[in-house]
Amino acid sequence: MKHTAFSYVKLTLASMLVLLAGCACAWRLMKIQIVESDTYTAKRISTQKYTQTISATRGEIVDSSGKAIIENKVGYNVIIEPDTFPEDNAKGNQVLLSLTSILDENGVEWSTSLPISDTQPYTFTDDENAVSKLKENLKMNVYATADNCMDKLKSDYNIDDSYTPEQQRILAGIRYEMQLRGFSLSNRFTLAEDVPLNVVIELKERGVTLPGMDIVEEALRSVAQGDVVPHEIGTVGPIYAEEYEKLKSEGYALDDTVGKSGIERAMESTLRGTDGIKEFTVENGVVVSSDMKTPVEAGKTVQLTVNSDYQRELQNILDGFINNFDSLRDSKTEQLGLKKISCGAIVVLDAKTAGVLGMVTAPTYNLEDYKVDYEAILNAENTPLVNRATDGLYRPGSTFKTITATAGLNEQIITGNSTYFCGHTYHFKDHDYNCTGSHGDIAVTQALRVSCNIFFYKLSEELTIDRISEYATKFGLGQSTGLETGDAAGHLSNQETFAELGADWTVGQVLQSAIGQGEWAVTPLQMANVACTIANNGTRYEPHLVDSIWDYSHTTKLEQKEPVVADQITPVNDDVFQYVENGMIAASTNNFPTRYSLSDLGFDVAVKTGTPQVSNRVQDSFFIGYAPADDPEIAFAGVIEGGEYSKYMIRSIIQAYEKTVRGEQVSVDAVGAQTTVSTDTTGTETTTSTTSTSTH
């Protein structure tokens with residue numbers, strides 16, 4: 001075949017095109033490999049940034065001397081990581097059962113708060129709030145039974161009959177807890193806290209077969225002194241899903257803990273601290289850098305006004321009186337029909353600041369026991385979870401006469417020398433009212449000493465219920481005291497209260513209210529503050545538990561709590577509170593057995609006692625006071641439900657203060673001598689001690 005010139009031209013052009021294309025490819029390849037190599041290398045590397053929250057260590061709670069009440073320790077927690085936990089319910093259930101089996105074999109408890117009995121037939125627990133929350137979370141109607149709720153949980157999480165009833169209950173409890181805690185891709189779940197090291201080792205060895213399980217080392221809340229004001233210390237707990245909406249704006253994560261009650265809750269912002277934020281840079285799965293964007297700031301230490309040693313002494317005094325009440329029985333207690341007593345409270349305040357030095361209630365509990373077996377404490381006899389010092393409501397009885405006396409003197413209805421006649425019976429509006437004796441013409445100081453009812457009946461007629469209520473309010477009754485952890489307000493005894501209670505108000509109620517009967521409802525804390533107000537000549541401070549705020553290591557004081565004046569009763573002259581105090585000092589020298597005497601302490605003590613009648617029990621026994629009378633250091637109040645002679649504890653209360661707070665070498669006398677009671681010609685009881693014991 002003969003080639004033409006045109007064919008040679010085409011061949012040449014094609015060859016040139018191929019050559020040019022090859023040169024272009026070579027140039028591009030050289031550019032990529034040499035000139036732009038850094039750019040393409042960077043594109044080949046996958047770079048991602050992650051942030052991690054570093055939890056702040058919670059601040060500790062210490063007593064007035066710096067002894068830890070609540071502290072932190074390092075421990076191991078078992079957690080479930082959402083990104084690696086099986087999405088399939090059946091596989092996830094198997095992981096949970098394997099985990100709980102290991103924990104159970106080693107005596108480790110796990111998180112669960114399902115308010116349903118552990119065994120069939122299923123019933124709800126007594127916690128009505130938890131039951132209501134369960135039905136709401138499961139979208140069940142209010143009439144749903146415990147079985148209905150269990151069936152819903154079993155259905156939601158594929159807990160079928162291939163599991164034993166015990167396994168079904170375990171899985172339902174954990175799954176519900178995970179639901180409460182908002183378990184999701186953004187929130188891990190803590191299954192068990194403070195796990196022993198041997199269990200940690202076993203779990204890590206089996207980690208491959210337990211997807212989603214991890215062990216983390218964290219600072220754990222630890223109870224150092226569980227018997228020191230447990231009601232007021234309170235607890236911490238997890239954030240539940242319904243709480244998170246409010247707390248997330250404050251920087252909380254779903255897996256954080258938060259104060260649930262007491263000081264832990266009241267001082268949450270102080271104790272909490274500030275979480276740190278750490279940023280990681282990861283290239284192709286390898287961490288290449290990390291940077292702490294926000295530093296961790298540990299919580300602050302809260303120092304209380306409470307002296308833990310004094311607190312224990314007070315609890316021993318109260319418990320000792322209750323346990324030894326049988327030895328105090330006499331003709332009077334038999335006549336009154338008083339039976340065995342079980343309940344009471346004592347409050348002691350710093351008389352100059354109203355700081356709580358000690359506050360005890362009976363029965364009580366230990367925070368350690370609360371953590372281990374809450375149900376046992378919840379269902380115990382006489383409701384130990386109730387703090388009778390702050391939330392027990394009582395009639396004050398004759399202790400209220402100090403308020404009526406103050407009102408009469410300050411309104412100048414009486415003077416220190418004014419007298420009313422007491423002939424034992426007072427006829428008023430077709431009714432007869434009796435007194436403790438026949439005291440003749442009697443003035444305010446003597447009326448307080450012998451607790452003359454008729455003196456205060458007559459004074460109340462001129463005062464009127466409005467002014468009695470006004471002064472009761474100025475003394476802090478009928479309202480919260482301002483204590484950081486909260487307390488019961490109670491109510492006054494006046495027309496408004498009677499209307500709220502649906503009771504008829506009569507003019508005779510003015511007389512009863514003036515002597516602390518009627519419908520008064522006061523707490524021992526309020527009455528201790530009444531004594532404190534008298535000791536400060538009318539200045540009423542807010543009782544408080546927090547003394548100061550310190551850095552986490554408790555080396556630098558950051559803030560000192562200053563006394564807060566809640567109200568001021570301005571006396572019209574210097575004699576107003578002096579006459580009241582004189583009457584209280586006189587009462588302290590009257591009607592005390594030798595071993596409980598307040599006359600040989602080296603200083604005067606101002607006290608007033610009362611035995612208010614109670615509808616559901618014969619009477620209560622109340623006292624208030626302060627000491628030393630000339631320069632008060634402590635103000636106190638106490639109550640014994642359904643008892644008598646609570647004032648016998650006053651001497652021990654003062655001795656315990658001298659021993660533990662002032663550091664003096666003083667023995668604290670036990671309460672429990674056998675006594676006999678007689679009555680003198682004035683109607684005043686005289687008690688003689690027949691036995692004596694003491695503890696040191």
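# Notebook: strand β25 and two helix pairs

I began inside strand β25, where I found that A345 has V639 as its bridge partner. The model is a predicted one, and I read every entry below with that in mind.

**Entry 1, neighbours of β25.** I looked up which strands pair with β25. Strand β11, residues 344-350, is joined to β25 by 7 bridges, and the two run antiparallel. Strand β24, residues 621-627, also runs antiparallel to β25, with 7 bridges between them. For S621 I noted I640 as the bridge partner in β25. I then followed the chain from β24 to β25 and found a hairpin with 6 residues as the connection.

**Entry 2, the whole sheet.** I wrote down the strand order as β12-β11-β25-β24-β21, an open sheet of 5 strands with antiparallel pairing. I checked the edges next: β12 (356-362) and β21 (606-610) each have a single partner strand, so each has one side without a neighbour in the sheet. On average, neighbouring strands here are turned by 5° against each other, with direction ignored. For reference, strands of a sheet pair through backbone hydrogen bonds, either parallel or antiparallel.

**Entry 3, burial of β25.** I asked how many of the 7 residues of β25 are buried. The count is 7 of the 7 for residues 634-640, so the strand is largely enclosed by the rest of the structure. The cut-off behind this is a relative accessible area under 20%. I sorted the side chains by direction: I634, F636, G638 and I640 point one way, while A635, A637 and V639 point the other way, and all are buried. In a regular strand the side chains alternate between the two faces of the sheet.

**Entry 4, α16 and α22.** I moved on to helix α16 (residues 401-410) and helix α22 (residues 575-588), which pack at an angle of about 150° with axes 9 Å apart. The crossing of α16 past α22 is right-handed. I listed the contact residues: T402, A405, T406, L409 and N410 come from α16, and V576, F577, Y579, V580 and M584 come from α22. By class I get 7 nonpolar, 3 polar and no charged residues in this contact.

**Entry 5, α3 and α7.** I looked at helix α3 (residues 89-105) against helix α7 (residues 197-205); their axes come within 10 Å and cross at roughly 150°. The angle makes α3 roughly antiparallel to α7, since the label applies to angles over 145 degrees. I noted the crossing of α3 and α7 as right-handed. L99, I102 and L103 of α3 make the contact with V199, E202 and L203 of α7. Here the classes come out as 5 nonpolar, no polar and 1 charged.

**Entry 6, V450.** Last, I checked one residue in helix α17, residues 444-450, namely V450. Is V450 buried or exposed? V450 has a relative accessible area of 8%, so I entered V450 as buried. I also took the C-alpha separation of V450 and G437, which is 8.5 Å for two residues 13 residues apart along the chain.

Note on methods. Residues numbered from 1 in each chain as written. Predicted model: local features only at pLDDT ≥ 70, side-chain atom pairs only at ≥ 80, totals over all residues. Heavy atoms only, no water. Buried < 20%, exposed > 50% of the residue type's maximum accessible area, 1.4 Å probe, protein only. Pairing = 2+ DSSP bridges. Axes fitted to C-alpha atoms, helices over the stretch in contact; angles between N-to-C directions. Left-handed = near helix turned anticlockwise from the far one by under 90°. Contact = heavy atoms within 4.5 Å. Nonpolar A, V, L, I, M, F, W, Y, C, P; charged D, E, K, R; others polar. Parallel < 35°, antiparallel > 145°, perpendicular 65-115°, else oblique.
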